[in-house]
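Colleague: Before I rely on any of the labels used for this protein, I would like to hear what stands behind them. Could you take me through the reasoning step by step?

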Amino acid sequence: MFKRKLKALDYIDRDKINANDPQHFRKLVVWLEDQKIRHYKIEDRKDIRDINSTSWPETFKRYCEDVACPITTQPVDQLEWLIGFAIKLEFEDNYKKYQPITGKSLKDMNKPVAPNIKSSNPLDNLDFHSAEFKNGIEELRKLLCIPRHSDHLVTLQACSKIVCKRLNAEALLNPKSIVLKGKEFPILEAELGFNMGDPVLNNAAKILRLLYIQDLRDLQTRINETIVSVQNITANPRTDTKLGKVGK
């Protein structure tokens with residue numbers, strides 16, 4: 001709840017703090033007074049440091065009044081105000097510490113540090129944006145007759161789809177099952193059913209419709225395969241004829 005503010009104050013146990021725990025609450029108040037606010041003299045902090053005292057809530061109430069805390073509702077709200085007040089005092093005492101801090105630097109500070117793991121996989125050491133890598137994708141694209149895309153990584157994804165679907169072991173053994181032959185359908189001459197006001201957009205919509213229909217067919221094929229698999233189990237139950245009885 002207060003982690004970011006407590007981090008600004010260099011509070012060590014900020015990740016463990018629970019404002020709803022009375023002991024955590026009281027220890028944090030004592031730390032704020034001892035280290036940041038310092039409203040009382042050292043000899044006057046005895047009561048507030050006695051966090052196990054039954055009269056501590058009254059001591060805390062009096063402390064809030066002494067530091068002119070305007071919050072009088074919930075103790076948690078008062079604690080939040082005290083933390084903000086401590087940050088204000090900290091900044092006034094050492095404003096040069098916070099001058100270099102910007103939105104970007106704060107974001108970099110909060111960015112999790114990735115573990116340094118050495119991989120034996122050579123692919124992990126590739127520079128995917130190097131000129132050599134881009135030239136390799138370009139040569140592969142030409143071999144597979146794939147249209148060029150402005151983003152070489154998108155082109156690589158297209159190459160991957162072609163290789164996985166049409167150049168896998170099963171496809172090479174039985175190419176006819178993958179590369180279907182038939183009469184070409186003039187998709188660009190077919191009626192779209194609506195007009196988008198631009199011939200290029202109309203043609204794109206026709207292609208997207210075909211891709212959508214193909215996805216539906218693949219889904220239907222998988223559903224049919226699932227039904228057949230279930231029927232093979234339920235339609236051929238194993239029975240033990242020795243347990244059968246005839247007559248009474």
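Modeller: Let me begin with His152, bearing in mind that this is a predicted model. Leaving aside neighbours within four places in sequence, His152 is in contact with Phe128, His129, Phe133, Lys134 and Ile137, and the place of His152 itself is in helix H8, which covers residues 152-166.

Colleague: Why is His152 called buried?

Modeller: The label buried is given under 20% relative accessible area, and His152 has a relative accessibility of 14%, so His152 counts as buried.

Colleague: What makes the pairing of the His152 side chain with the backbone oxygen of Phe128 a polar contact?

Modeller: A polar atom of the His152 side chain lies 2.7 Å from the backbone oxygen of Phe128, and because the cut-off for such a pair is 3.5 Å, the distance is within the limit.

Colleague: Turning to the cysteines, how many disulfides does the structure hold, and how do you know that Cys69 is not in one?

Modeller: The structure holds zero disulfides. For Cys69 the nearest cysteine sulfur is that of Cys64, at 4.8 Å, whereas a disulfide requires two cysteine sulfur atoms within 2.5 Å, so Cys69 is in no disulfide.

Colleague: Which of the words buried and exposed applies to Cys69, and which to Cys145?

Modeller: Cys69 has 10% relative accessibility and therefore counts as buried, the limit being under 20%. Cys145 has a relative accessible area of 69%, which is over the 50% required, and so Cys145 is called exposed.

Colleague: How do you know that the span of helix H5 agrees with what a helix should give?

Modeller: Helix H5, residues 75-93, has 19 residues, which at 1.5 Å a residue should span 27 Å, and because its end C-alpha atoms are 27 Å apart, the two values agree.

Colleague: Why do you say that the buried residues of H5 line one face of the helix?

Modeller: The buried residues of H5 are Val76, Gln78, Leu79, Leu82, Ile83, Ala86, Leu89 and Glu90. Seen down the axis of H5, these residues fall within an arc of 150°, and therefore they line one face. Among the elements that cover them are helix H1 (3-8), helix H2 (22-37) and helix H4 (56-66).

Colleague: How does the reach of helix H10 compare with what is expected, and what caps its N-terminal end?

Modeller: Helix H10, residues 199-234, has 36 residues and reaches 53 Å from its first C-alpha to its last, close to the 52 Å expected at 1.5 Å a residue. The N-terminal end of H10 is capped by Asp198, of which a side-chain oxygen lies 2.9 Å from the backbone nitrogen of Val200. The buried residues of H10 are Asn202, Ala205 and Lys206.

Colleague: What makes Ile51 a buried residue, and where in the chain is its place?

Modeller: The place of Ile51 is in the loop between helix H3 (46-49) and H4, and because its relative accessibility is 14%, against a limit of under 20%, Ile51 counts as buried. Leaving aside neighbours within four places in sequence, Ile51 is in contact with Gln23, Arg26, Lys27, Val30 and Trp56. Ile51 and Arg26 are 25 residues apart along the chain, with their C-alpha atoms separated by 5.9 Å.

Colleague: And for the chain as a whole, how many helices and strands are there?

Modeller: The protein chain has 10 helices and zero strands, and buried residues make up 20% of its 248 residues.

Definitions and conventions
Residues numbered from 1 in each chain as written. Predicted model: local features only at pLDDT ≥ 70, side-chain atom pairs only at ≥ 80, totals over all residues. Heavy atoms only, no water. Helix = DSSP H or I, 4+ residues; strand = E, 2+ residues; numbered from the N terminus. Buried < 20%, exposed > 50% of the residue type's maximum accessible area, 1.4 Å probe, protein only. Polar contact = N/O pair within 3.5 Å; in protein donor to acceptor, adjacent residues only side chain to side chain. Contact = heavy atoms within 4.5 Å. Expected span 1.5 Å × (residues − 1). Arc of directions from axis to C-beta.
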